[in-house]
Amino acid sequence: MSTIEATVSMLEVMPEDARLKVMEYTRELFTARKPANPFVPLTQEQILADLEKSHQQIIEGKGISMREAMDDLGRKYGFI
């Protein structure tokens with residue numbers, strides 16, 4: 001399933017009021033006068049430091065699976 005197919009699938013099962021919120025948020029994204037990319041570029045050292053921190057967290061058993069992360073986001077934003 002492609003990203004667009006998954007997105008449409010989620011929108012189809014979403015309650016109408018939630019769909020309207022998504023539509024309004026999307027409209028705001030396209031009409032806002034903001035820089036195209038809100039993220040600042042990272043240096044190689046910053047990226048490697050973040051990866052090392054993440055690796056250490058996994059070793060310590062603090063990581064969660066992608067499925068758990070997606071389920072948490074789904075519950076948080078009302079998709080599931």
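Trainee: What relative accessible area does aspartate 72 have?
Mentor: Heads up, this is a predicted model: local features need pLDDT of at least 70, side-chain atom pairs count only at pLDDT 80 or more, and totals for chains, interfaces and linings use all residues. Residues are numbered from 1 along each chain as its sequence is written, and side-chain values use heavy atoms, without hydrogens and water. On our scale, buried is under 20% relative accessible area, exposed is over 50%, and partly exposed is in between (1.4 Å probe, protein chains only). Aspartate 72 counts as partly exposed because its value is 40%.

Trainee: Which residue does aspartate 72 meet in a salt bridge?
Mentor: The rule wants a side-chain nitrogen of Lys or Arg within 4 Å of a carboxyl oxygen of Asp or Glu. Here the N to O distance is 2.7 Å. Both partners sit in helix H4 (helices are DSSP runs of H or I, at least four residues, numbered from the N terminus), 3 residues apart, about one turn of the helix. The partner is arginine 75.

Trainee: How far apart are the closest N and O atoms of glutamate 24 and arginine 27?
Mentor: These two lie 3 residues apart in helix H2, about one turn of the helix. Glutamate 24 is partly exposed at 35% relative accessibility, and arginine 27 is partly exposed too, at 42%. They form a salt bridge, with those atoms separated by 2.6 Å.

Trainee: Which residue does glutamate 60 pair with in a salt bridge?
Mentor: Glutamate 60 itself is partly exposed, at 43% relative accessibility. Its partner counts as exposed because its relative accessible area is 57%. The closest N and O atoms are 3.0 Å apart, and the partner is lysine 62.

Trainee: How many salt bridges are there by this rule?
Mentor: We've just been through three pairs, among them glutamate 24 with arginine 27, lysine 62 with glutamate 60 and aspartate 72 with arginine 75. The full count is 5.

Trainee: Which helix gives the largest share of the nonpolar patch?
Mentor: The patch is made of Met10, Met66, Met70, Leu73, Tyr77, Phe79 and Ile80, with about 750 Å² of accessible area together. To qualify, residues need over 30% relative accessible area and no salt bridge, with nonpolar side chains (Val, Leu, Ile, Met, Phe, Trp, Tyr) joined within 5 Å; areas come from Shrake-Rupley with a 1.4 Å probe, only the protein chains shown counting as cover. Methionine 66, for one, is exposed at 61%. The largest share, 3 residues, comes from helix H4.

How values were computed:
Patch = residues over 30% accessible without salt bridge, like charges linked within 9 Å, V, L, I, M, F, W, Y side chains within 5 Å.
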